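Grab a pencil and keep the 3D viewer open. Here are some exercises, each followed by a worked solution that goes step by step.

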Amino acid sequence: MTIYSSTPYDKLTVGMEAEIKRLCRAEDFYVFANASGNHNPVHLPNEDHDGDKVPDEPVAPSMWVASLFSAVLGNLLPGPGTLYQSQTLRFLNRAHAGEELTVKVRLSALKPDRIACFETWVEAPGGRRIVEGEAEVIAPEKIVTFNDGDLPGLTVRRHVHFDRLLELAEPLEPIATAVVVPEEEHALSGALLAAKHTLIRPILIGERDRIEEVAAAIGADLSGIEIIDLHGHNMAAARAVELFHEGRAQAIMKGHLHTGQLLQHIVKSDGGLRTSSRISHVFVMDVPGLDHLLMVTDAAINIAPTLEEKVDIAQNAIDLAIALGIDTPKVGVLSAVETVNPKIPSTIDAAVLSKMAERGQIRGGLVDGPLAMDNAVDVEAAKTKGIKSLVAGHADILLAPTREAGNMLAKELSFIAHAEAAGLVMGARCPIILNSRADDDKARLASCAVAALFHEWRKKR
């Protein structure tokens with residue numbers, strides 16, 4: 001919160017100066033593109049500007065740089081109440097994301113009718129001038145103050161954490177992946193997109209005619225991709241498991257079939273993919289505005305897990321988080337309250353899980369609970385409740401008390417907070433890429449990246 005106060009016209013003197021420093025960020029370029037309507041790819045991150053199929057460093061929009069003059073004139077000198085009359089501009093150089101810009105104004109003349117004239121310029125590090133010019137403004141007649149505490153903030157809907165996972169996964173050897181029933185646009189295009197990014201080598205299992213019809217409808221080329229022609233979702237799911245046992249597949253990807261139809265073949269005791277660990281699902285979520293990945297478990301498989309099952313659910317999520325580059329994952333065990341209440345069983349489970357982690361029965365991460373959702377992810381909420389914990393306010397993993405709670409939480413993050421969600425089944429003998437049938441290509445691509453990184457991590461253990 002900052003309180004700004006203006007200098008009225010009768011208090012201005014020639015030679016007065018003011019400046020601000022502003023870090024040039026990629027997010028600013030997206031905000032400017034939306035506000036101005038200028039979608040020139042030269043100014044957008046991760047875009048190919050010169051046609052060589054390699055993303056180029058974005059150039060700061062010149063008019064965005066020039067707009068920073070208004071921040072000095074409107075906030076500092078003359079300050080609140082100031083109105084622009086004119087602004088000349090001469091663009092001398094270009095600015096880029098990551099540079100700290102210094103924006104300066106100097107009062108050069110005073111004219112009748114409260115007109116104040118300013119020299120204006122922006123410098124990059126090393127004194128390199130980006131833009132210069134002259135401004136004429138109408139200065140306020142009296143002191144005006146403004147408290148910016150009520151100014152609404154902006155969250156740019158970017159998924160930078162998934163971009164980082166893709167960068168980490170693309171250099172790896174693609175994993176042979178049995179794609180079960182890719183007989184729908186997103187199911188097929190997601191697998192093909194992952195293949196294009198060298199994350200997987202897909203083996204398509206389903207009705208060949210339907211797969212080829214979908215491919216033709218989306219303009220996809222299936223040349224060189226193996227298709228196993230099988231009719232029936234159960235047969236396709238069973239064949240995917242067989243491919244793993246034959247050493248032909250290293251992962252399985254759900255296509256256009258119900259989760260239960262796939263999982264019944266994964267969990268069967270004879271010929272399935274079970275291990276000594278409980279099978280569980282982890283949503284890996286990229287939430288705009290959050291500075292780290294957020295995982296939610298279990299939101300898809302275990303309906304009302306017991307304490308013993310929650311131990312495996314927590315361990316599975318910790319292992320995945322470590323595989324994705326989180327050194328010591330922080331697990332917030334969720335409940336409706338942050339104190340142990342014998343009438344709320346989930347609080348007792350949470351307290352026991354915390355103690356088990358302290359005793360080494362859950363390895364590789366920090367576990368704390370019970371925590372309510374707010375104090376699991378928000379530092380100020382944790383402080384307000386007086387919670388002293390290395391996990392509270394910093395949770396990487398949210399362990400839900402039931403599948404209902406976990407599923408509602410994940411869907412709220414996706415559809416209200418605009419998060420992208422990758423999904424992976426853990427505890428099986430190979431990664432199971434479990435997407436919702438409503439997931440878009442970005443989510444399916446991220447799920448494949450998560451699977452590839454986990455597969456690589458497990459090979460090195």
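**Exercise 1.** Find the element that holds Pro370, then describe the peptide bond that leads into Pro370 from Gly369.

*Solution.* Keep in mind throughout that this is a predicted model.
- Step 1: Pro370 sits in strand β16, which covers residues 366-371.
- Step 2: Now look at the bond from Gly369 to Pro370: omega is near 5°, and the bond is cis.

**Exercise 2.** Which kind of peptide bond, cis or trans, joins Thr297 to Asp298, and where does Asp298 lie?

*Solution.*
- Step 1: Check omega for the step from Thr297 to Asp298. The value is near -10°, and this bond is cis.
- Step 2: Place Asp298 on the chain. Asp298 belongs to the loop that runs between β14 (294-297) and α9 (307-323).

**Exercise 3.** Look up phi for Thr198 and for His418, and work out whether each residue is buried, partly exposed or exposed.

*Solution.*
- Step 1: Start with Thr198. Its phi is positive, about 60°, although Thr198 is not a glycine.
- Step 2: Thr198 is found in the loop between α5 and β10 (200-206).
- Step 3: The relative accessible area of Thr198 is 36%. Buried means under 20% and exposed means over 50%, with partly exposed in between, so Thr198 counts as partly exposed.
- Step 4: Turn to His418. Here phi is near 60°, again a positive value in a residue other than glycine.
- Step 5: His418 is placed in the loop between α13 (403-415) and β18 (420-426).
- Step 6: With a relative accessible area of 34%, His418 is partly exposed.

**Exercise 4.** Describe how helices α5 and α6 are arranged, and say which residues make the contact.

*Solution.*
- Step 1: Recall what to look for. Two packed helices are described by the angle between their axes and the distance between the axes.
- Step 2: Take the distance. The axes of α5 (residues 185-196) and α6 (residues 208-218) come within 10 Å.
- Step 3: Take the angle. The two axes cross at roughly 75°. Angles from 65 to 115 degrees count as roughly perpendicular, so α5 and α6 are roughly perpendicular to each other.
- Step 4: List the residues. From α5 come Glu185, Leu188 and Ser189, and from α6 come Ile211, Val214, Ala215 and Ile218.
- Step 5: Sort the contact residues by class: five are nonpolar, one is polar and one is charged.

**Exercise 5.** What is the volume of the largest pocket, and which elements each supply at least two residues of its lining?

*Solution.*
- Step 1: The largest pocket has a volume of about 840 Å³.
- Step 2: Its lining has 31 residues, and the closest to the centre are Arg22, Arg25, Asp28, Leu151 and Leu154.
- Step 3: At least two lining residues come from each of β2 (17-23), α1 (26-36), α2 (62-67), α3 (69-75) and α4 (160-169).
- Step 4: Sorted by class, the lining of the largest pocket holds 15 nonpolar, seven polar and nine charged residues.

**Exercise 6.** Is Leu101 buried or exposed, and which residues touch Leu101?

*Solution.*
- Step 1: Find Leu101 in strand β5, residues 100-111.
- Step 2: Read off the relative accessible area: 0% for Leu101. The cut-off for buried is under 20%, so Leu101 is buried.
- Step 3: Look for partners, skipping residues up to four places away in sequence. Leu101 touches Ile20, Lys21, Arg22, Cys24, Trp64, Val65, Leu68, Ala95, Val122, Glu123 and Ala124.

**Exercise 7.** Put Asp163 and Ala26 in their elements and say how accessible each one is.

*Solution.*
- Step 1: Asp163 is part of helix α4, and its relative accessible area of 23% makes it partly exposed.
- Step 2: Leaving aside neighbours within four places in sequence, Asp163 is in contact with Asn46 and Lys442.
- Step 3: Ala26 is in helix α1 and is buried, with a relative accessible area of 14%.

**Exercise 8.** How many helices and strands does the protein have, and what share of its residues is buried?

*Solution.*
- Step 1: The count is 14 helices and 19 strands.
- Step 2: Of the 461 residues, 48% are buried.
- Step 3: Finish with the contacts between residues at least 6 apart in sequence: 70% of them join residues at least 24 apart.

Terms used: Residues are numbered from 1 along each chain as its sequence is written. This is a predicted model: local features need pLDDT of at least 70, side-chain atom pairs count only at pLDDT 80 or more; totals for chains, interfaces and linings use all residues. Side-chain values use heavy atoms; hydrogens and water are left out. Axes are lines fitted to C-alpha atoms, for helices over the stretch in contact, and angles run from 0 to 180 degrees between N-to-C directions. Helices (H or I, at least four residues) and strands (E, at least two) are DSSP runs, numbered from the N terminus. Angles under 35 degrees count as roughly parallel, over 145 as roughly antiparallel, 65 to 115 as roughly perpendicular and the rest as oblique. Contact means heavy atoms within 4.5 Å. Ala, Val, Leu, Ile, Met, Phe, Trp, Tyr, Cys and Pro count as nonpolar, Asp, Glu, Lys and Arg as charged, and the others, Gly among them, as polar. On a 1 Å grid over the protein atoms alone, a cavity is a set of points where a 1.4 Å probe fits but cannot get out, and a pocket is an open set with protein on both sides within 12 Å along at least five of seven lines; lining residues have an atom within 4 Å of a point. Grid points are joined across faces, edges and corners, and a volume is the space filled by probe spheres set on the points. Buried means under 20% relative accessible area, exposed over 50%, partly exposed in between (1.4 Å probe, protein chains only).
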